[in-house]
Amino acid sequence: MSLNLTTWEESELFEKALSQLFVEETPLHEAINYSLLDGGKRLRPRLCFEAIKALGFDPALGLPVACAIEMVHTYSLIHDDLPCMDDDDLRRGKPTCHKVYGEAMAVLAGDALLTKAFEVIAVSPINNFYDLKRYLLELSYASGSTQLIQGQVFDMIAENNPKITLEQLKAIHCAKTGALIKASLRLGGMVAEANLQELEALTEYGEHIGLAFQIRDDILDATETSANLGKTAGKDKQANKSTYVSILGLEQATLELNKLIDEACISIEKLTVETPVNLQNLAQALKI
Ligand code: IPE
Ligand code: IPE
Ligand code: MG
Ligand code: MG
Ligand code: MG
């Protein structure tokens, strides 16, 4: 099943906000906008907006945070594709940033995206229910040296290592991909003045969805075409990556993905009195 994220309510608002971040016409901004502005599924911002709406707040309040999350994600993709990392030529349906602008510019585009993410939050008029520091900490923790980047380090080390255990792989997936997805939901919750219990429900849902999303990515790499993915299919096997497919096989990996989605849907029931249907539907759309 393909994830249909093409039509969603905040799409236009969000794309407009993203397109207004790097407006001066410089070679750096051209490289950044090339990677940032089209082709992505926008799953993380969308989860952020849905968390806000589920708690009864206006999603527009979450624009700065959602832009920041997408900038961190896009930076991580640009760097992930570099020759010294996964060495990929195709991303979001077009040549990777370094293929078009060169490696040095791609590294710098990633650096600038990461930096700008924190600036956008720092200058945004977010509510005072949570201190601005909490927003900055949430994003820096998720993208930092014990989560996203640590996950990328272990992902590299796990290459050509058939001895890696499922527990170790799960930790890698939760760090490299899960942490930012979880933060997208928590940050949405914070914008919507979530209390502790509400934040916990979003966290639990985010943990399940976050791991599920990387398992799904592993499965699609093995089963889909490059044209459908907008990135080179079969890359994990070629690079001898440790993935849920390499360790569990396709069938078990799919069962694990779908089980996590069902668990996510149960966790999120606790968020509000009425079941947050959109968050459940988004989760279900990730099933294979
Ligand atoms: C790809 O993420 C990298 C992973 C963490 C699995 P997405 O599949 O969300 O990539 P885009 O944003 O749609 O390009
Ligand atoms: C990427 O994981 C995770 C991050 C960018 C943090 P992958 O290497 O599996 O993502 P794809 O398959 O290249 O999109
Ligand atoms: Mg990678
Ligand atoms: Mg990759
Ligand atoms: Mg992948």
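**Entry 1: the metal pair**

I began with the two metals and found the magnesium ion (ligand 4) and the magnesium ion (ligand 3) 3.1 Å apart, with Asp-80 coordinating both. The model I am reading is a predicted one.

I then listed the protein donors of each ion. For the magnesium ion (ligand 4), I noted Asp-80 (OD) and Asp-86 (OD), at 2.0 to 2.1 Å. For the magnesium ion (ligand 3), I noted Asp-80 (OD) and Asp-86 (OD), here at 2.1 to 2.2 Å.

Next I asked myself: are Asp-80 and Asp-86 buried or exposed? Asp-80 has a relative accessible area of 12%, so I entered it as buried. Asp-86 has a relative accessible area of 17% and is therefore also entered as buried. The cut-off I applied to both is under 20%.

**Entry 2: helices H3 and H4**

I followed the chain back from Asp-80 through helix H4, which covers residues 63–80. I compared H4 with helix H3, residues 43–54, and found that their axes come within 8 Å and cross at roughly 155°. That angle makes H3 roughly antiparallel to H4, because values over 145 degrees count as such. I recorded the crossing of H3 and H4 as right-handed.

Which residues make the contact between H3 and H4? From H3 I wrote down Arg-44, Pro-45, Cys-48 and Phe-49. From H4 I wrote down Leu-63, Val-65, Ala-66, Ile-69, Glu-70 and His-73. Sorted by type, the residues of this contact come to 7 nonpolar, 1 polar and 2 charged.

**Entry 3: Leu-37**

I looked up Leu-37 next and placed it in the loop between helix H2 (27–36) and H3. How accessible is Leu-37? Its relative accessibility is 26%, so I put it down as partly exposed; the partly exposed class lies between the limits of 20% and 50%.

I checked what Leu-37 touches, leaving out residues up to four places away in sequence. The list reads Glu-15, Leu-18, Ser-19 and Arg-42.

I also took the distance from Leu-37 to Cys-48, one of the H3 residues in the contact with H4. Leu-37 and Cys-48 are 11 residues apart in sequence, and their C-alpha atoms are 18 Å apart in space.

Note on methods:
Residues are numbered from 1 along each chain as its sequence is written. Chains are lettered from A and ligands numbered from 1 in the order in which they are written. This is a predicted model: local features need pLDDT of at least 70, side-chain atom pairs count only at pLDDT 80 or more; totals for chains, interfaces and linings use all residues. Side-chain values use heavy atoms; hydrogens and water are left out. Donors are N, O and S atoms within 2.8 Å of the metal (3.2 Å for Na, K and Ca); water is not among the atoms, so sites may look incomplete. Buried means under 20% relative accessible area, exposed over 50%, partly exposed in between (1.4 Å probe, protein chains only). Axes are lines fitted to C-alpha atoms, for helices over the stretch in contact, and angles run from 0 to 180 degrees between N-to-C directions. Helices (H or I, at least four residues) and strands (E, at least two) are DSSP runs, numbered from the N terminus. Angles under 35 degrees count as roughly parallel, over 145 as roughly antiparallel, 65 to 115 as roughly perpendicular and the rest as oblique. A crossing is left-handed if the near helix is turned anticlockwise from the far one by less than a right angle, and right-handed if clockwise. Contact means heavy atoms within 4.5 Å. Ala, Val, Leu, Ile, Met, Phe, Trp, Tyr, Cys and Pro count as nonpolar, Asp, Glu, Lys and Arg as charged, and the others, Gly among them, as polar.
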